[in-house]
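Here is a short briefing to read alongside the model. Take a moment with the sequence and the 3D view, then follow the topics below.

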Amino acid sequence: MSDENDWDGDWYRVTSETERRELEEELERELSAGHVLYGIKATALGRRFRRDDVLFRLEDGRVARLHLTRHKETNPAFPTTDVYGSYADWAALPLEDR
């Protein structure tokens, strides 16, 4: 799977501008100085059903999977984040590892 329109497992593409904006605002609220994504523009691409896992496209083309905490964070280790070179790299992972 390498096309960003193709989603499987528990993931679905974020198509609603309202949902996209809410996820991006939540990410911005949660990031603190020192977090790997602090200061980087990120666009919500996909979301995991019934979980707070979100896939974001970063301004340099990489993608990041985050588990949002729904709290303003002060510890740069949160929200937990995995960064991949591209959407295709993330999609190549086994479903259970996404």
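**Strands, a buried histidine and salt bridges**

Strand 3 (residues 53–58) and strand 4 run antiparallel and are joined by five bridges. This is a predicted model, so please read every value below as computed from predicted coordinates. Strand 4 is a good place to begin, and the histidine and the charged pairs follow.

**Strand 4 and its neighbours**

- Strand 4 covers residues 63–67, and four of its five residues are buried, so the rest of the structure largely encloses it.
- On the strand 3 side, R57 has V63 of strand 4 as its bridge partner.
- Four residues lie between the strands in the hairpin of strand 3 and strand 4, and G61 there takes a positive phi near 95°.
- Strand 4 also pairs with strand 5 (residues 80–84), again in the antiparallel sense and over five bridges.
- In that pairing, L66 has T81 of strand 5 as its bridge partner.

**The surroundings of H35**

- H35 sits in the loop between helix 1 (17–30) and strand 2 (42–48).
- Is H35 buried or exposed? Its relative accessible area is 5%, and H35 is buried because that value is under the 20% cut-off.
- Leaving aside residues up to four places away in sequence, H35 touches L66, P76, F78, P79 and T81. Two of these contacts, L66 and T81, are the bridge partners from strand 4 and strand 5.
- A polar atom of the H35 side chain lies 3.0 Å from the backbone nitrogen of L37.

**Salt bridges**

- How many salt bridges does a search of the whole structure find? The search finds eight, including the three described here.
- D10 and R48 meet through their side chains in a salt bridge, at 4.0 Å from N to O. D10 lies in the segment before strand 1 (11–13) and R48 in strand 2, so this pair ties together parts that are 38 residues apart in sequence.
- R48 also forms a salt bridge with D53, where the closest N and O atoms are 3.1 Å apart.
- Together, D10, R48 and D53 are linked in a network of salt bridges.
- Within this network, R48 is buried at a relative accessible area of 13%, and D53 is buried too. D10, in contrast, counts as partly exposed at 30% relative accessibility.
- The side chains of D60 and R62 meet in another salt bridge, at 2.7 Å from N to O. R62 counts as partly exposed, with a relative accessibility of 28%.

Technical notes
Residues are numbered from 1 along each chain as its sequence is written. This is a predicted model: local features need pLDDT of at least 70, side-chain atom pairs count only at pLDDT 80 or more; totals for chains, interfaces and linings use all residues. Side-chain values use heavy atoms; hydrogens and water are left out. Helices (H or I, at least four residues) and strands (E, at least two) are DSSP runs, numbered from the N terminus. Buried means under 20% relative accessible area, exposed over 50%, partly exposed in between (1.4 Å probe, protein chains only). A polar contact is a pair of N or O atoms within 3.5 Å; within protein, one must be able to donate a hydrogen and the other to accept it, and residues adjacent in sequence count only if both atoms are side-chain atoms. Contact means heavy atoms within 4.5 Å. Two strands pair if DSSP finds at least two bridges between them.
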